[in-house]
Amino acid sequence: MIDDLYSARILSLAANLPHSGRLAAPEGTAERVAKLCGSKAIVDVTLDDEGRIKDFAQTVKACALGQAAAGVVGESILGASASEILEARDAMLAMLKSGGEGPEGRFEGLRVLKQVTDYPARHASTMVALEATLDAVDQALAKHHSDTRTRLAGAA
């Protein structure tokens, strides 16, 4: 039943969105929208010198499932690398679409959404925050690499 989707943990995550808002000077910004339902996430990030999330902000307008996923991302994101976020995204997709166990490590909390597997119409809203985060990190990493090339060229 669809009521099983909305456990106390999911509703708590949805109601308490960590890092809500926008960053004043992000290095990467991305927006994702779930076409079926209109759930939307806008994510801003800055990275440290090792390419890990230094600062993070998110604005999420989604159903409780999308908000809950964003809540887990917000709780777990500081210090995460691009590869950790990519692995979490891939594991989340595998969990939703092909019976995978779900993310491990810092993003293991996303497993609370495992029952969404049975509701394909809810998959996209569940993924918007994670997808937007990955896009924002990719943008910030490209900026970091560009800045490094510029500094190296200037030093020649």
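This section describes the fold, the nonpolar core and selected residues of a predicted model.

The chain contains four helices and three strands. Read from the N terminus, the elements follow the order α-β-β-β-α-α-α. Helix α1 covers residues 8-15. Strand β1 takes up residues 28-33. Strand β2 spans 40-47, and strand β3 spans 53-61. Helix α2 comprises residues 64-76. Helix α3 runs over 82-98, and helix α4 over 123-155.

The overall dimensions were computed next. Along the principal axes, the C-alpha atoms occupy a box of roughly 65 × 30 × 25 Å. The radius of gyration is 16 Å. This value agrees with a compact globule, because a chain of 156 residues would then have a radius of gyration near 15 Å. Of the 156 residues, 44% are buried. The exposed surface of the chain amounts to about 7800 Å². Carbon and sulfur atoms contribute 52% of that surface. Among contacts with a sequence separation of 6 or more, 60% join residues 24 or more positions apart.

The largest nonpolar core holds 40 residues. Within this core, Ile53, Ile85 and Leu113 touch the most other members. Elements that each supply at least two residues are α1, β2, β3, α2, α3 and α4. The greatest contribution comes from α4, with 10 residues. The surroundings of Ile85 were examined in detail. Leaving aside residues up to four places away in sequence, Ile85 touches Ile53, Ile77, Ala80 and Phe107, as well as Leu130, Thr133, Leu134 and Val137. Ile53 is thus both a contact of Ile85 and one of the three core residues that touch the most other members.

Helix α1 has a buried side and an exposed side. Its buried residues are Ile10, Leu13 and Ala14. Viewed down the helix axis, these buried residues fall within an arc of 100 degrees, so they line one face of α1. Ala8 and Ala15 are exposed on the other side of the helix. The cover over the buried residues of α1 includes α2.

Two buried serines lie in helices. Ser76 belongs to helix α2, whose residues are 64-76. Ser76 counts as buried because its relative accessibility is 12%, and the cut-off for a buried residue is under 20%. A polar atom of the Ser76 side chain lies 3.0 Å from the backbone oxygen of Arg106. Arg106 and Phe107 are the residues touched by Ser76, not counting residues up to four places away in sequence. Phe107 is also among the contacts of Ile85.

Ser125 sits in helix α4. With a relative accessible area of 1%, Ser125 is buried. Its side chain reaches the backbone oxygen of Arg122 at 3.0 Å. Beyond residues up to four places away in sequence, Ser125 touches Ala34, Cys37, Ser39, Cys63 and Gly66.

The loop between α1 and β1 includes His19 and Ser20. The phi angle of His19 is near 60 degrees. This is a positive value in a residue other than glycine. His19 counts as partly exposed because its relative accessibility is 29%, and partly exposed residues fall between the 20% and 50% cut-offs. Ser20 is exposed, with a relative accessible area of 55%. Between Ser20 and Val43, the C-alpha atoms are 9.4 Å apart. These two residues are separated by 23 residues along the chain.

Glu104 is located in the loop between α3 and α4. Glu104 is exposed, because its relative accessible area is 63% and the cut-off for an exposed residue is over 50%. The C-alpha atoms of Glu104 and Leu47 are separated by 22 Å. Along the chain, Glu104 and Leu47 are 57 residues apart.

Technical notes: Residues are numbered from 1 along each chain as its sequence is written. This is a predicted model: local features need pLDDT of at least 70, side-chain atom pairs count only at pLDDT 80 or more; totals for chains, interfaces and linings use all residues. Side-chain values use heavy atoms; hydrogens and water are left out. Buried means under 20% relative accessible area, exposed over 50%, partly exposed in between (1.4 Å probe, protein chains only). A polar contact is a pair of N or O atoms within 3.5 Å; within protein, one must be able to donate a hydrogen and the other to accept it, and residues adjacent in sequence count only if both atoms are side-chain atoms. Contact means heavy atoms within 4.5 Å. A nonpolar core is a set of buried Ala, Val, Leu, Ile, Met, Phe, Trp, Tyr and Cys residues joined through side-chain atoms within 4.5 Å. The arc is that of the directions from the helix axis to the C-beta atoms. The radius of gyration is taken over C-alpha atoms; the globule rule is 2.2 Å times the number of residues to the power 0.38. Accessible areas come from the Shrake-Rupley method with a 1.4 Å probe; for residues, only the protein chains shown count as cover.
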